[in-house]
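This note is addressed to a colleague who is opening the model for the first time. Please keep the sequence and the structure in view while going through the points.

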Protein chains: 2
Amino acid sequence: MAEELGERAQHLLKVLEESYIRSGQPVGSRALARDSGLDVSAATVRNAMADLEELGMVKSPHTSAGRIPTNKGYRMFVDSLLTITPLNEREIMTMRGQFSGEGSKQELATSVSSYLSGITAMAGMVMIPRTAKRSSLRHIEFMPLSDNRILAILVINEKEVQNTVIRVDRHYTAAELQQSANYLNSELAGRELLDVRHRILKELRETKVGMEQMMQQAITMAEQVFDQPSSSSNSDDFVMSGQTCLMGFEELSNIEKLRGLFEAFNEKQQILQLLDRCIDGDGVQIFIGEESGYGVLNECSMVTSGYQVDGEVLGILGVIGPTRMAYERVIPIVDVTAKLVSAALAQSK
Amino acid sequence: MAEELGERAQHLLKVLEESYIRSGQPVGSRALARDSGLDVSAATVRNAMADLEELGMVKSPHTSAGRIPTNKGYRMFVDSLLTITPLNEREIMTMRGQFSGEGSKQELATSVSSYLSGITAMAGMVMIPRTAKRSSLRHIEFMPLSDNRILAILVINEKEVQNTVIRVDRHYTAAELQQSANYLNSELAGRELLDVRHRILKELRETKVGMEQMMQQAITMAEQVFDQPSSSSNSDDFVMSGQTCLMGFEELSNIEKLRGLFEAFNEKQQILQLLDRCIDGDGVQIFIGEESGYGVLNECSMVTSGYQVDGEVLGILGVIGPTRMAYERVIPIVDVTAKLVSAALAQSK
DNA sequence: TATTAGCACTCGCAATCTTAGAGTGCTAAA
DNA sequence: TTTAGCACTCTAAGATTGCGAGTGCTAATA
């Protein structure tokens, strides 16, 4: 196993990647020898390149072009070669002004996503998990609709509101519903959602027999409300902005590839699964090309980071762009953004 | 003004358009003479073509290619030449099954939009007007949040729910808010939204002085609620599906053009303005190319129709695709879809 | 032993040229 | 008014060429 790379080879690989990321052109031995700062000839570089190629770090598009990095090469680059210059104070200050704790999660996510897109000139994305596990039910309210339907309104935490329509067996008056809601509020308000769910489906149901009829009705309704994976919160938890930026990149000028990519964005599901995977990781994470297992992400990389409140990762944000992106700039941006969002959320709590 | 077109010239134009729409290739005089069904020679056709060109109905991409329709040519085609074969019973039946009155407007719009996209292999769109003018306020409810904020919940018609957060000068208890809500409900519930707005801003405000303090508070809150153009209903009223289908068309293979188009889709505002213009028109309306005034829509056409309930146009739906589309198929599809959606809405009322 | 210079060779790209085919416009005849 | 004939134009697709960049290999060098 010749996984060991000499110091010089590493340096050359690094310079090669930097050069390729800058210019987009395959890098030849002469240019590399010149740019490397090392006092070696092109021929020497060629030998090193042959080694790197054997290790799968670089490849040439054809016999007589220079070398370009492979995905494996990028991986090595971001993992151990890249030198990142942290953002300076001033830049951070400018960013800090962007995110306030105001508005709903939705609004925050949208603004963060489009900010990321704007500053990196790539596509930005922010994921909002269904409903944070630790959020608590504040209030529940019923309202009669026509046709034996009832509108249930849940207030969660301080600002989130979920509406669900449920069906019941007969018409209920507003007063009846008020009673049921009162009962449920007295039992459930202030508890965490997981707990609420649990209580309804287990404890209350079991003790249902023998209770007042009103309470029985209330519980039956609550079962419906908490059982269905409330549609609104389930689908709207992923925001993406600036996809069109990706149309500007050379490597995505193939329209078929672009189409696959955009279709994947529309699916949402796929991307969400992918993002879900980073939720455990710490700090900035990077997916390079099809490492993720999705062929459509072929020439793309994702740079992501989780944002958190009270140590719990609430969601993921990041950008997606061509594999050939300026990592040394993008990584700190995503990093700082995640921290600022965390801060904004903590403050608004 | 030589706006008059001989019968034969019209026929030739029609055949030319049909042929071009089918094949995408410029149509030459020989082929046209053959396909026209007329017993004339290519030379005769050439003369007619020269006339048509002078009228701006067709043009040739270069000296020795055939002719292709101009926007003006398409306009004439769809306005007076096109023969539309209505969908047969069976097709309509298949479609009828697609749309139910179930679910929220949002859900219906999404499903209709993606249905349109699927069946036409172009992009589908459905606009939902802010909130129908004639919809009425059913119920209003306040709930205290932290930091002197209050969550206002409006129930409109039977299913629509709007949430708004307002700020107030001090903390109010749930009981106080309940009182205020009761008062407002007694005054306003059941009225149409426009009326509600009017009442609050004019009548009640004027008589405010001298009322109980509780009522004054209630009115102040209501002012806030109905004054801001509630964000949720304002932005989410336009659904588009299958944009990626547009990537498959020859005439949109230019990536810059495509980008402009997709950016316009993201803006929403522009498209909405455009759609707003059709709201008065009757039946199916067609925009060809940049007739609309938006350069990005250069090689595209929109086929739209309003859907209505009780004679009032509630919204617009339609498709957007290349100018060179199969109008004779798309037009009846959009037409029938609009009628079916109207029916579904009427039924679910 | 590691590095270097030299050299033949490969390949892609762009420019140039060629050819075939399609279609036109014009003119003169029917 | 229509038609046939003909010269002309233009494009798209191949074929050919030269250039430049870059490689791999070998033999000489430190």
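1. In this predicted model, 32 residues of chain B are in contact with 32 residues of chain A, contact being heavy atoms within 4.5 Å. Of the interface residues of chain B, 100% are also interface residues in chain A, so the copies meet through the same surface.

2. The two chains bury about 2700 Å² between them, 58% of it on carbon and sulfur atoms. Buried area here is the accessible area (1.4 Å probe) that two parts lose on being put together, summed over both.

3. Which elements of chain B supply the side that touches chain A? Strand 4 (137-144), strand 5 (149-156), strand 6 (160-167) and helix 11 (255-267) of chain B each supply at least two residues; helices (H or I, at least four residues) and strands (E, at least two) are DSSP runs numbered from the N terminus. Helix 11 of chain B has the largest share, 6 residues. By class, this side has 13 nonpolar, 9 polar and 10 charged residues, where Ala, Val, Leu, Ile, Met, Phe, Trp, Tyr, Cys and Pro count as nonpolar, Asp, Glu, Lys and Arg as charged, and the others, Gly among them, as polar.

4. The rule finds 0 salt bridges across the interface of chain B and chain A (a side-chain nitrogen of Lys or Arg within 4 Å of a carboxyl oxygen of Asp or Glu).

5. A rotation of 180 degrees with 0.1 Å of shift along its axis superposes chain B on chain A, with an RMSD of 0.1 Å; the fit is by least squares on the C-alpha atoms of residues with pLDDT of at least 70 in both. That is the relation of a two-fold axis. In chain B, the C-alpha nearest the axis belongs to B:Ile255, at 3.8 Å.

6. DNA strand C is surrounded by 20 residues, each with a heavy atom within 4 Å of the strand. The closest are A:Arg8, A:Thr44, A:Thr63, B:Ser29 and B:Ser64. Sugar and phosphate make up 78% of the strand's atoms that come within 4 Å of the protein.

7. Bases of DNA strand C are also approached by side chains. A polar side-chain atom of A:Arg46 lies 3.5 Å from a base oxygen, and one of B:Arg46 lies 3.2 Å from a base oxygen. An N or O atom in the side chain of B:Ser64 is 3.0 Å from a base nitrogen.

8. On numbering and scope: residues are numbered from 1 along each chain as its sequence is written, and chains are lettered from A and ligands numbered from 1 in the order in which they are written. Local features need pLDDT of at least 70, side-chain atom pairs count only at pLDDT 80 or more, and totals for chains, interfaces and linings use all residues, while side-chain values use heavy atoms, with hydrogens and water left out.

Technical notes. Polar contact = N/O pair within 3.5 Å; in protein donor to acceptor, adjacent residues only side chain to side chain.
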